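Biologist: Could you walk me through this one, starting with how you decide what to call a helix?

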Amino acid sequence: MTSATPTHDYMIVNALGVLDNPNAPHSAAAAGKLSQTSEDLTVDARTLAEARASGLTAVNITLGYVMGEMEPYEHTLHEIAVWDTILRDNAADLVKVRSAADLRQARRDGRIGVIYGFQNAVAIGDDITRVDTFDQLGVRVVQLTYNQANALGDGSMEPRNRGLTHFGREVVERLNDRHLMVDLSHSGERTCLEAARISRQPVSVNHTGCRALTDLPRNKTDEELRLVASRGGFVGIYFMPFLNPSGHARAADVVEHIDHAVSVCGEDHVGIGTDGPVTAADDLDAYRADLAEQIARRREAGVSATGEGDDAYPFVVDLRGVDQFRELIRLLEQRGYRSERIEKILGKNFTDYAERIWTS
């Protein structure tokens, strides 16, 4: 990737990302697992130094139950405790984010803000009061479903596309009551549309692509994107293989999907949710072997999405590593985007959205 120097000091908020050094032995040993846990991550000196060097202000991380044999609620409580320990052990570099003010303070302090988020709400079980518990523990983003159906609604890979369940509607209402983000990434189309319509507060799709450009289930239709934006919500574009029908997405694809989202949603509602780390894998050949193992396990478990593949990296090869945000800035400038619009996409839009949601 070509290194570029930004012409502006942008606030960069990744609406879904990872803090990890995939090259560390501990992380590398877990790379082929069906579902990596927070204990499989390595938040070391390189992780922190490269996150800082990238210009990252804050990142929404995935913690808690997503899939697997673990008991969802107990596992999620454990994951929160693991991240509380990581933040305590790295207090000079990391800080938990509970409000939009915390995002701005993290930037002033030169620390990386860490937003606690779920990629599956299964841990709520059938006890809606657990939403309150998660709120009190600092969770700020709750994605309703992963790729499959759960007790709240259908994921993007559920062919019946049934929409929200009655309990799902109750959960959306409780999330509104607690001022938590309702994230509709991975959701089925009807689930997304229904949640966006019934939610009293704006909703988000923190990491997705545009189905009008690449017709895959993990991407959102213009109807979904437009509805989310029209109600004051947020859409984050990921750096994922689903941005190109071949599965080999490039930086140019990221720009195309951002540009399409801006044309549909307006420039005040689009941002980035890369779904990946800042620190890049150094050995792509070794990574490819681990990826093949993981994809095989995901298929066997029935949790994979159309567009995943043994040869489809879960990142954009020419938009990764410590320069990924600088390179995106360069490409957006090349596209003719003015600095005010780039500032919005890089972090201001997410921060403004957080201001609308994370209020008491």
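Modeller: Helices here are DSSP runs of H or I with at least four residues, numbered from the N terminus, and please keep in mind that this is a predicted model.

Biologist: Okay, so where is S38 found?

Modeller: S38 sits in the loop that joins helix 1 (25–29) to helix 2 (45–54).

Biologist: Is S38 buried or exposed there?

Modeller: S38 counts as buried, because its relative accessibility is 3% and buried means under 20%.

Biologist: And what does the side chain of S38 make a polar contact with?

Modeller: The partner is the side chain of W83, at 3.0 Å, and once neighbours within four places in sequence are set aside, the residues in contact with S38 are T62, L63, E79, V82 and W83.

Biologist: Changing topic, how many salt bridges does the structure hold?

Modeller: There are 33 salt bridges, and one of them pairs D282 with R46, whose closest N and O atoms are 2.9 Å apart. D282 belongs to the loop between strand 9 (270–272) and helix 10 (284–301) while R46 belongs to helix 2, so this pair ties together parts that are 236 residues apart in sequence.

Biologist: Which residues in helix 7 meet in a salt bridge?

Modeller: The side chains of R190 and E194 do, at 3.1 Å from N to O, and both lie in helix 7 (residues 189–198), four residues apart, which is about one turn of the helix. R190 is partly exposed, with a relative accessible area of 41%, whereas E194 counts as buried at 14% relative accessibility.

Terms used
Residues are numbered from 1 along each chain as its sequence is written. This is a predicted model: local features need pLDDT of at least 70, side-chain atom pairs count only at pLDDT 80 or more; totals for chains, interfaces and linings use all residues. Side-chain values use heavy atoms; hydrogens and water are left out. Helices (H or I, at least four residues) and strands (E, at least two) are DSSP runs, numbered from the N terminus. Buried means under 20% relative accessible area, exposed over 50%, partly exposed in between (1.4 Å probe, protein chains only). A polar contact is a pair of N or O atoms within 3.5 Å; within protein, one must be able to donate a hydrogen and the other to accept it, and residues adjacent in sequence count only if both atoms are side-chain atoms. Contact means heavy atoms within 4.5 Å. A salt bridge is a side-chain nitrogen of Lys or Arg within 4 Å of a carboxyl oxygen of Asp or Glu.
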